[in-house]
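Q: I have a structure here that is new to me. Can we walk through the basics?
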Amino acid sequence: MDRLKSSARLMIVSDLDHTMVDHHDAENLSLLRFNALWEAYYRHDSLLVFSTGRSPTLYKQLRKEKPMITPDITIMSVGTEITYDKSMVPDDGWEEFLNQKWDRNIVIEEASKFSELSRQAESEQRPHKVSFYIKKDKAQNVIEALSETLRKRGLDVKIIYSGGIDLDILPQSAGKGQALAYLLKKFETEGKRPINTLVCGDSGNDAELFSIPGVYGVMVSNAQEELLQWHAKNVKDNPKIIHATERCASGIIQAIGHFKLGTNLTPRDVPDVSKVVENTSPGHEIVKINLLSEKWRRAEVEKSEQFLADLEAVYDPSGTFIHPSGSEHRIGELVKFLRASYGDKRGKKYRIWVDSVLATQLSSDAWLVKFHTWESCGETRQGCVHTVILRKKDSGQFTWVHVHQTRLEQPGKDA
């Protein structure tokens, strides 16, 4: 959170499964479109928050499976755990707050008396979350009876049913909505409450997000009936909440445009991203060059000397490139490497995405930019940490003066 010295221009708080991540999109195109938009135009002055029902174990697993960028804040286990940055530093104050009127052992004892409940995997049982599976037609009666039993035992709990099968028992003060309210209050205390906040969800355990005063909200087009019914009953007249016509991350992009929260034209939707000069930034430059490399290797652009010449013009002739192996080259040799790789990923599930762009201005026309890139082809994935020096010409275009690459561990391994 210390990355920003002032209020975030936009804070997006998004559920993951079937909201940010579309499990029916084999190419992950909607997620990749969002990634490019965020790193090009928002990362430098905004905050990305993932709010998921997944435990840390399953969250890390998803990061290994899908082309996800790194959030600034991660809310996990249905709002019972809050962590910060890539290293996922836990919020101890939140954990202490949740201990009030909560006894995990009593919850387990009483829940075990209901044969309709089937305990979820041990990885999903967390200090402030006990999770079960239950059939839809049995859920309502069990929820009512179990709630009353736990109340009589002196506990103040909340039972959340979502996805037509998942039943989570949490402290009353927990949940995605309360976790977000806690964060907003924390930002306000620091004098850094986000200028705009957009919450995004698809299921019942996301409903609380839409109850937070003042936020914008988007229910993606594939939202489940339980969330749509909750919306109709509770907040249908709120003009700040929409039901998108696009699925998952594409619905989030749609909402950014609908509410005029900033640009929602992702670089992946621009026919010739190399020609974009207006409103360019270091983040946009980094996304653009990597996207052009992907298109070249997938043979989605014409194999031409003009394309390579335009790319070569981006690099300072006297600049240096340090390969992950440690060998040093003229920076222009990057084009030579690219020339030899035209179409080598044609017809394959090959993608490049940029993550965690951090630009530091060195002078009026120079930036030090650090970022990660990931390349995936089928089940294979490799990553690099890049340190780049960029200079901006009077024309508004950037020149790459120095590039240093080192290998990066698989996402989700330590994050």
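Q: How many helices and strands are there in the protein chain?
A: This is a predicted model. Its protein chain has 11 helices and 18 strands.

Q: How compact is the protein chain, going by its radius of gyration?
A: The radius of gyration is 23 Å, close to the 22 Å that the globule rule gives for 415 residues, so the protein chain is as compact as a globular protein of that length.

Q: And what box do the C-alpha atoms fill?
A: Roughly 75 × 45 × 40 Å, taken along the principal axes.

Q: What share of the residues count as buried?
A: Of the 415 residues, 54% count as buried. The accessible surface of the protein chain comes to about 18,600 Å², and carbon and sulfur atoms account for 48% of that.

Q: What about contacts with a separation of 6 or more: what share comes from residues 24 or more positions apart?
A: Such residues make up 63% of those contacts in the protein chain.

Q: Changing topic, how many disulfides does the structure hold?
A: It holds 0 disulfides. Cys-200, for one, is in no disulfide, and the nearest cysteine sulfur, that of Cys-248, is 11 Å away.

Q: Is Cys-200 buried or exposed?
A: Cys-200 is buried, with a relative accessible area of 0%.

Q: Why is there no bond from Cys-384 to Cys-377?
A: Because the sulfur of Cys-384 is 16 Å from the one in Cys-377, its closest cysteine sulfur, and that is too far for a bond. Cys-384 also counts as buried, at 7% relative accessibility.

Q: Last one: how many positive and negative side chains are there?
A: There are 56 positive and 58 negative side chains, and the centres of the two sets lie 1 Å apart.

Conventions. Residues are numbered from 1 along each chain as its sequence is written. This is a predicted model: local features need pLDDT of at least 70, side-chain atom pairs count only at pLDDT 80 or more; totals for chains, interfaces and linings use all residues. Side-chain values use heavy atoms; hydrogens and water are left out. Helices (H or I, at least four residues) and strands (E, at least two) are DSSP runs, numbered from the N terminus. The radius of gyration is taken over C-alpha atoms; the globule rule is 2.2 Å times the number of residues to the power 0.38. Buried means under 20% relative accessible area, exposed over 50%, partly exposed in between (1.4 Å probe, protein chains only). Contact means heavy atoms within 4.5 Å. Accessible areas come from the Shrake-Rupley method with a 1.4 Å probe; for residues, only the protein chains shown count as cover. Lys and Arg count as positive and Asp and Glu as negative; His and the chain ends are not counted. The place of a charge is taken as NZ of Lys, CZ of Arg, CG of Asp or CD of Glu. A disulfide is a pair of cysteine sulfur atoms within 2.5 Å.
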